[in-house]
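Visitor: I would like a close look at one part of this model, with the overall figures as background. Please keep to what can be checked in the structure.

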Amino acid sequence: MIASNELQNIKNKFGIIGNTPELLHAMQIAVQVANTDLSVLVTGESGVGKENFPKIIHQYSARKHNKYMVVNCGAIPEGTIDSELFGHEKGSFTGALTDRKGYFEVADGGTIFLDEVGELPLSTQARLLRVLEVGEFIKVGSSQVLKTNVRVIAATNRNLPQAIKEGKFREDLYYRLNTIHIQIPPLRQRKEDIVPLFTKFTSEYAEKNRRPAITLTPEAQQLLKECYWRGNIRELKNVAERLSAIETDSLIDAPVLQLYLPDKAETNLPQLVNTRQDEGTSFSSEREILYRVLFDMKKDMDELKQTVKTLMQQQKESTSSVQPAVLTNETSLIPVNQSHNMESTEEFIEVQEYQEDPGLSVEEMEKKLIKETLEKHHGKRNIAAKDLRISERTLYRKIKAYGLE
């Protein structure tokens, strides 16, 4: 067993946060097998932090002074993956202008981390199996057998036993890779680690951007723990950074946090900030959020103007001494009854008519949002008006004003 202080040193060195028993057990296994040459398979959902464990194994092994190479198998096209891993001879295919060393030749004596190993094509899996069994490989376009001494650590978020049943992954390769198995628990099973991780991400953002770090109320912390976190640590970091960037208050309560949390229905992607979540409206893009906010601001200003007009009319009817005032696109002055503690001078309230700033292009954004909403609902104005949270009459008027008939 690794001493607790040694585990803490490892966590500090590799930026790992958490004390969940399953996480600590995974770290124990990584350190214990580091000095062997056994192949290791790291499994877990996307975003759980699988990439940290190959680093731990390499740094605590006798190979730590040699190469450590990370290969994202899912990011390399199938037609070039063999060349990338094993190299090629000049002229072996179109574009092969020179000889090229592959990763297994370059990393000889070191460690290769094959991330997303479940994405490898079957032909490449056969080549990889030979490397694992006898340490031999052949470059693309060559007949010469080369030797390599490489420690292989693989990781995947796929269900490899299921992939084997579907004929997408070799069973013999699975057993060679799975000599040592390290399972990383999902974030929803590490509830006591969620708040410390969130605090780490918000503190890092604050330090990087020279802003005060945000903190959560106890209720907000509990809400954070109850979230499903389909995207795990990666998703939590996304929420922490978005919250830090948008909110100006350093203390965040549960209602505010709720606006930034992903849907609890276990969706694959986090939803964007929902400024009207209580009305059941969600937005498909940050651009639409901006349009909606500006649209609502203009709507509020229209309502404010109407209120001012109503008040002016009431003032006109009730006070004969007040001259009528007309609300135009210019500044209007509304005399106030002199009975409000006035003596010899007449007090005026200045009401500034709302005018769109051409730099903001509010009208263009409003027009664009209306147009996109109409297209979304195939021109059904009653549904579009409901989606825009305005009356059909108002929508008709704006359609006519913007020439959207």
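Visitor: To begin with, how much area does the protein expose, and what share of it do carbon and sulfur atoms supply? After that, please stay with the largest nonpolar core: which of its residues touch the most other members?

Guide: This is a predicted model. The exposed area of the protein is about 22,600 Å², and 49% of it comes from carbon and sulfur atoms. The chain has 405 residues, of which 43% count as buried. Its secondary structure amounts to 16 helices and 11 strands. Among contacts with a separation of 6 or more, 66% are between residues 24 or more positions apart.

Now the core. In soluble globular proteins, nonpolar side chains tend to be buried together. Here the largest nonpolar core has 30 residues, and those that touch the most other members are Leu85, Phe104, Ile112, Leu114, Val117, Leu128 and Leu177. At least two residues come from each of β2 (68–72), α4, α5 (103–106), β3 (111–115), α6 (122–134), β6 (151–156), α7 (160–165) and α8 (171–177). The most is given by α6, with 4 residues.

Leu128 is a good place to start looking. Neighbours within four places in sequence aside, Leu128 contacts Phe86, Phe104, Leu114, Val117, Leu120 and Leu173. Two of these contacts, Phe86 and Phe104, also belong to an aromatic cluster. That cluster is made up of Phe86, Phe104 and Phe137.

The structure has 3 aromatic pairs. One of them joins Phe86 to Phe137 in a tilted arrangement, with the centres 6.1 Å apart and 35° between the planes. Phe86 is in helix α4 (residues 81–86) and Phe137 in strand β4 (residues 136–138), so this pair ties together parts that are 51 residues apart in sequence. Both Phe86 and Phe137 are buried.

Another core, of 24 residues, lies apart from the largest one. Its members include Leu23, Ala34, Phe53 and Ile56.

Two further sites can be set beside this picture. The charged end of Arg100 sits over the ring of Tyr103, 5.9 Å from the ring centre. Asp249 belongs to the loop between α11 (232–246) and β9 (251–252). Because its relative accessibility is 52%, Asp249 counts as exposed, whereas Phe86 and Phe137 are buried. The C-alpha atoms of Asp249 and Ile214 are 7.4 Å apart in space, although the two residues are 35 residues apart in sequence.

How values were computed. Residues are numbered from 1 along each chain as its sequence is written. This is a predicted model: local features need pLDDT of at least 70, side-chain atom pairs count only at pLDDT 80 or more; totals for chains, interfaces and linings use all residues. Side-chain values use heavy atoms; hydrogens and water are left out. Rings of Phe, Tyr and Trp (its six-membered ring) pair if their centres lie within 6.5 Å; planes under 30 degrees apart count as stacked, over 60 as edge-to-face and the rest as tilted. Buried means under 20% relative accessible area, exposed over 50%, partly exposed in between (1.4 Å probe, protein chains only). A charge sits over a ring if NZ of Lys or CZ of Arg is within 6 Å of the ring centre and within 35 degrees of the ring normal. A nonpolar core is a set of buried Ala, Val, Leu, Ile, Met, Phe, Trp, Tyr and Cys residues joined through side-chain atoms within 4.5 Å. Contact means heavy atoms within 4.5 Å. Accessible areas come from the Shrake-Rupley method with a 1.4 Å probe; for residues, only the protein chains shown count as cover.
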